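Please read this report alongside the sequence and the coordinates. It concerns a predicted model.

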Amino acid sequence: MINHKLCKPIDQSLIVKNGVTVESLAKDVTRLIKENPGLQYLAAFNGDFRALPQDLILLVLSPHMGFKLTVAKEQHPDLFQHLLLVTLIAHYLAVRKKLVGKDMNNLLCAALFHDLGELYIDPVILNSENHYSEIERLHIYAHPITGYLIIHEVAGIDPAVATAILQHHERLDGSGYPYGLNGDAIGTTARIISVADACASIFARFGSSQRLTTLMRLNGQKYDPELLSLVYEGFGPITDCTVADNNVELPRLEAVSTLLETWGKFRTELGLLASDSSSPPGELKYIFDRIANLRSMLFQFGFDPCSLELLVDITMADPEIAIELTAALDELDWQFIALEREICRRREIIRVALNDCENHHLDSWTKELLAYLATL
Amino acid sequence: MANACDTLYKNTAHQSIEEDPHYVTAITEMAGHKEVISSKDIYTTNRIKLITKKHDN
């Protein structure tokens, strides 16, 4: 079957017995809430944790989409769990934003289907913990379009759902994909899904509101700030964050310090002032903004590259600051991974904007960044 | 350049759906532990019938 090109999508001709239905989705979401104390706070924030299951039962789920969700549930349980978690967080945000009727239905559909494009990606790529090759990145960047194309073809689904899926990896500052849209070009539903998507990933990784605080600090320009505050309120006071031995954090701090220092030299090479307010060439602006944001977050911890030991001593003396520092460094690592991917994705455009010497400096810095990421 | 990237992403997405080995593999594996039934005949683009619709008894 794999070797044949079919005249229409295979799942339009197949039925699965005991597959996913709106009733089973409602049950799965209820189970998810019961099993996670952090989600109970969020689910009950509006007074009734049964609100989402009840809204799910009212959805119209075509056999075609039910089949795809069944494949996700049976063969990609992590993906299915992620879809449910995003739907739960997105529903909470939609209620807080007072979405009702058709807008709420579209939001729930977009949340449930937003990553179904991943069913068409090699699972080896999705499960990879290494850095993606160029071809692998291409599949990752294309998956919102794949999701859009799948949903766009299904009768009875509002086109707004497909659009939200297409935009769910776009970011307000233009740093997202696939099209690098920014600001008002990104619709409300997509903004909600993108925040819910990021929070679900962080929750699944850490189960900690400390990480969400850091996310808010680092990503104020990427996500709708109102939605970020609503998420933080919704997750409430969860503090089961593991703290690394801060002596272990010293090498990380030193490595980050070196990266920022080399970046400063690159700025000088470009003839930019030391302050973060000077403007780099257009295609580089988002990278400079991102690094300025990271530096700003580190400065809030009293980050001084000349006295890192002192910072470690201070954090060791105060467990709350220690939790924050560990969370900040973890988030910083994820931000650096994302930044490296973005630089790689836009490298050819940037190359045209820089001269040979400047390109050499950027390549050297990127190598340093990759070397740091390889130690994680 | 941005448009070239956009086209590349679109082509990749179309290709993923049209030549969907990973999705078909997942369905095949699912059929090993869940009952999957063909509700219609399945044809290739050159009209070769691969699977016949299962008739209700």
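The report covers the two chains, then their interface, then selected helices and loop residues of chain A.

**The chains**

Because the model is predicted, local features are described where pLDDT is at least 70, while totals for chains and interfaces use all residues. Chain A contains 18 helices and one strand. Of its 376 residues, 40% are buried. When contacts in chain A between residues at least 6 apart in sequence are considered, 76% of them join residues at least 24 apart.

Chain B has 57 residues, of which 21% count as buried. Its secondary structure consists of two helices and three strands, and the order along the sequence is α-α-β-β-β.

**The interface between chains A and B**

On the chain A side 34 residues take part, in contact with 35 residues of chain B. Four elements of chain A each supply at least two residues to this side: β1 (14-16), α4 (63-75), α8 (134-152) and α17 (347-353). The largest share comes from α8(A), with eight residues. By class, the residues on the chain A side are 22 nonpolar, seven polar and five charged.

How many bridges join β1(A) to strand β1 of chain B? The two strands, the latter spanning residues 36-38 of chain B, are paired through three bridges in the antiparallel sense. Within this pairing, A:Val16 is placed opposite B:Val36 of β1(B).

A helix pair also spans the interface. The axis of α4(A) comes within 10 Å of the axis of helix α2 (residues 21-30) of chain B, and the two cross at roughly 70 degrees. The two helices, α4(A) and α2(B), are therefore roughly perpendicular. From α4(A), the residues A:Val71, A:Glu74 and A:Gln75 meet B:Ala26, B:Ile27, B:Glu29 and B:Met30 of α2(B). The contact of α4(A) with α2(B) is made up of four nonpolar residues, one polar and two charged.

**Helices of chain A**

Besides its part in the interface, α8(A) packs against α9(A): their axes come within 7 Å and cross at roughly 170 degrees. This crossing makes α8(A) roughly antiparallel to α9(A). The residues of α8(A) in this contact are A:Pro144, A:Ile145, A:Gly147, A:Tyr148, A:Ile151 and A:His152, and they meet A:Val161, A:Ala162, A:Ile165 and A:Leu166 of α9(A). Eight residues of the contact of α8(A) with α9(A) are nonpolar and two are polar, with no charged residues.

Helix α5 (residues 77-96) of chain A has 20 residues and spans 29 Å between its first and last C-alpha, close to the 28 Å expected at 1.5 Å a residue. Because 14 of the 20 residues of α5(A) are buried, this helix is largely enclosed by the rest of the structure.

**Backbone exceptions**

Most residues other than glycine have a negative phi, and most peptide bonds are trans. Two residues of chain A depart from the phi pattern. A:Lys98, just after α5(A), has a positive phi of about 60 degrees although it is not a glycine. A:Lys98 belongs to the loop between α5 and α6 (101-113) of chain A. A:Asn18, also not a glycine, has a positive phi near 55 degrees and sits in the loop between β1 and α1 of chain A.

In the loop between α9 and α10 of chain A, the peptide bond from A:Tyr177 to A:Pro178 is cis, with omega near 10 degrees.

**Exposure of selected residues**

The table gives C-beta neighbour counts within 10 Å.

| Residue | C-beta neighbours inside 10 Å | Class |
|---|---|---|
| A:Lys98 | 8 neighbours | exposed |
| A:Asn18 | 9 neighbours | exposed |
| A:Thr30 | 16 neighbours | partly exposed |
| A:Asp173 | 19 neighbours | partly exposed |

A:Asp173 lies in the loop between α9 (159-167) and α10 (188-206) of chain A. Leaving aside residues up to four places away in sequence, A:Asp173 touches A:Asn182, A:Gln221, A:Lys222, A:Tyr286 and A:Asp289. Its C-alpha is 21 Å from that of A:Leu93, with the two positions 80 residues apart in sequence numbering.

A:Thr30 belongs to helix α1 (residues 22-35) of chain A. A:Thr30 and A:Lys285 are 255 residues apart in sequence, and their C-alpha atoms are 44 Å apart.

Methods. Residues are numbered from 1 along each chain as its sequence is written. Chains are lettered from A and ligands numbered from 1 in the order in which they are written. This is a predicted model: local features need pLDDT of at least 70, side-chain atom pairs count only at pLDDT 80 or more; totals for chains, interfaces and linings use all residues. Two residues are in contact if their C-beta atoms, placed from the backbone, lie within 7 Å. Ala, Val, Leu, Ile, Met, Phe, Trp, Tyr, Cys and Pro count as nonpolar, Asp, Glu, Lys and Arg as charged, and the others, Gly among them, as polar. Two strands pair if DSSP finds at least two bridges between them. A residue is buried if 20 or more other C-beta atoms lie within 10 Å of its own, exposed if 12 or fewer, and partly exposed in between; C-beta atoms are placed from the backbone. Axes are lines fitted to C-alpha atoms, for helices over the stretch in contact, and angles run from 0 to 180 degrees between N-to-C directions. Angles under 35 degrees count as roughly parallel, over 145 as roughly antiparallel, 65 to 115 as roughly perpendicular and the rest as oblique. The expected span of a helix is 1.5 Å times one less than its number of residues.
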